[in-house]
Amino acid sequence: MIRDPRDDAELLALVRRYVTPERRYLKLGGGVLRMQRPEYDRFLRDLCEDAGLITPDEIATLLEGSWRERRTAAWLVAVSRRTEFRERLGELLLASEVCCVGLAYCVTLASFGTARDADLLAAYLDRYLRRPDLGYDQTVVMGALQFIDLNLGGGQADRFREPGGLWQQWLQDAPHMQGDSDPTPSFLSLIRRLCAFVEECAEAL
């Protein structure tokens, strides 16, 4: 069950502390890439500060909320490099209970960048590339998986992208993708830029 801060005093306090100040939850993602200084510097500094302060229990509570809470929690996990949340984020990505948070999970797993993170992303593709009717996070997950592959020298994405494989079939059959070229390069670029932001934050901690 997804916890609602309107009915949950503990979660509401965390939302007011970490999620909604200056509408942080909306800026985590592509929005941060469009920021200019000094707003960018202030946003980075505040995010780093909260990533260092938030407790594991508070992160776990935020991950029980809806998309705003989960998006913010995933970014705080990435910046503070709390790899103990890897499996939980993988579970949430695979469950796809709420919208608007898949990118945050992908950035976090890509920033961790291990073979296990690649496995979690591949598990998502194994499930959702077989569902062309669901326009979920297939494209951003593929970008994150390729990002890890490039860094590790692995080839997890290759088995999906072989001619006639699940990726090509999904691109062909998904109604919202028909007529579009392969979007992987743009999503790989997005993941790369967001992981660079995570790295900048982590170094500032």
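Visitor: How much accessible surface does the chain have, and what share belongs to carbon and sulfur atoms?
Guide: In this predicted model, the accessible surface of the chain comes to about 9,900 Å². Carbon and sulfur atoms hold 48% of that surface.

Visitor: And what share of the residues is buried?
Guide: Of the 205 residues in the chain, 49% are buried. To get that label, a residue must have under 20% relative accessible area.

Visitor: What pattern does the chain follow along the sequence?
Guide: Just helix after helix: α-α-α-α-α-α-α-α-α-α-α-α-α. That makes 13 helices and 0 strands.

Visitor: Why is the chain called as compact as a globular protein of that length?
Guide: Set two numbers side by side. The radius of gyration is 17 Å, and the globule rule gives 17 Å for 205 residues, so the chain earns that description. If you'd like outside dimensions too, the C-alpha trace spans about 50 × 35 × 30 Å along its principal axes.

Visitor: What part of the contacts comes from residues 24 or more positions apart?
Guide: Counting contacts with a separation of 6 or more, 70% come from residues 24 or more positions apart.

Visitor: How far apart are the mean positions of the positive and negative charges?
Guide: They are 3 Å apart, taken over 26 positive and 32 negative charges.

Visitor: What makes helix α8 largely enclosed by the rest of the structure?
Guide: Count its buried residues. Helix α8 covers residues 102–112, and 9 of its 11 residues are buried, so the rest of the structure largely encloses it. Among the buried ones are Tyr105, Cys106, Val107 and Phe112.

Visitor: Which helices do those buried residues pack against?
Guide: They pack against α6 (67–80), α7 (86–95), α9 (115–128), α10 (138–152) and α13 (184–204). Right after α8 comes Gly113, with a positive phi of about 70 degrees.

Visitor: Where else does a positive phi turn up, at a residue that is not a glycine?
Guide: Arg81 is one of them, with a phi of about 55 degrees. Arg81 sits in the loop between α6 and α7. Ser96 is another, at about 50 degrees, and Ser96 belongs to the loop between α7 and α8.

Visitor: Why is Ser96 called buried, and what is Arg81 called?
Guide: Ser96 has 18% relative accessibility, and buried means under 20%, so Ser96 makes the cut. Arg81 has a relative accessible area of 40%. That value falls between 20% and the 50% that exposed residues must be over, so Arg81 is partly exposed.

Visitor: How do you know whether Glu91 is buried or partly exposed?
Guide: Try the cut-offs again. Glu91, in helix α7, has a relative accessible area of 48%. Exposed would need over 50%, so Glu91 counts as partly exposed. Glu91 and Ala123 are 32 residues apart in sequence, with their C-alpha atoms 9.9 Å apart in space.

Visitor: Why does Asp8 count as buried?
Guide: Its relative accessibility is 15%, under the 20% cut-off, so Asp8 counts as buried. You'll find Asp8 in the segment before α1 (9–19). A polar atom of the Asp8 side chain lies 3.2 Å from the backbone nitrogen of Glu10.

Visitor: What makes the link between Asp117 and Thr114 a polar contact?
Guide: The distance is one test: N or O atoms must be within 3.5 Å, and the side chains of Asp117 and Thr114 are joined at 2.6 Å. Asp117 is in helix α9 and is buried, with a relative accessible area of 0%. Leaving out residues up to four places away in sequence, Asp117 touches Arg86, Leu109, Phe112 and Ile148.

Visitor: How do you know that Leu194 is buried?
Guide: Leu194 has 0% relative accessibility, and the cut-off is under 20%, so Leu194 is buried. This residue of helix α13 touches Gly29, Val32, Leu33, Trp75, Leu103 and Val107, with residues up to four places away in sequence not counted. As for Trp167, the C-alpha atoms of Leu194 and Trp167 are 23 Å apart, while the two residues are 27 apart in sequence.

Visitor: Which residues does a cis peptide bond join?
Guide: That bond joins Arg37 and Pro38, with omega at about 10 degrees. Pro38 has its place in the loop between α3 (30–33) and α4 (39–53).

Definitions and conventions:
Residues numbered from 1 in each chain as written. Predicted model: local features only at pLDDT ≥ 70, side-chain atom pairs only at ≥ 80, totals over all residues. Heavy atoms only, no water. Helix = DSSP H or I, 4+ residues; strand = E, 2+ residues; numbered from the N terminus. Rg over C-alpha atoms; globule rule 2.2 N^0.38 Å. Buried < 20%, exposed > 50% of the residue type's maximum accessible area, 1.4 Å probe, protein only. Contact = heavy atoms within 4.5 Å. Areas by Shrake-Rupley, 256 points an atom, 1.4 Å probe, with all protein chains shown as cover. Lys, Arg positive; Asp, Glu negative; His and termini not counted. Charge placed at Lys NZ, Arg CZ, Asp CG, Glu CD. Polar contact = N/O pair within 3.5 Å; in protein donor to acceptor, adjacent residues only side chain to side chain.
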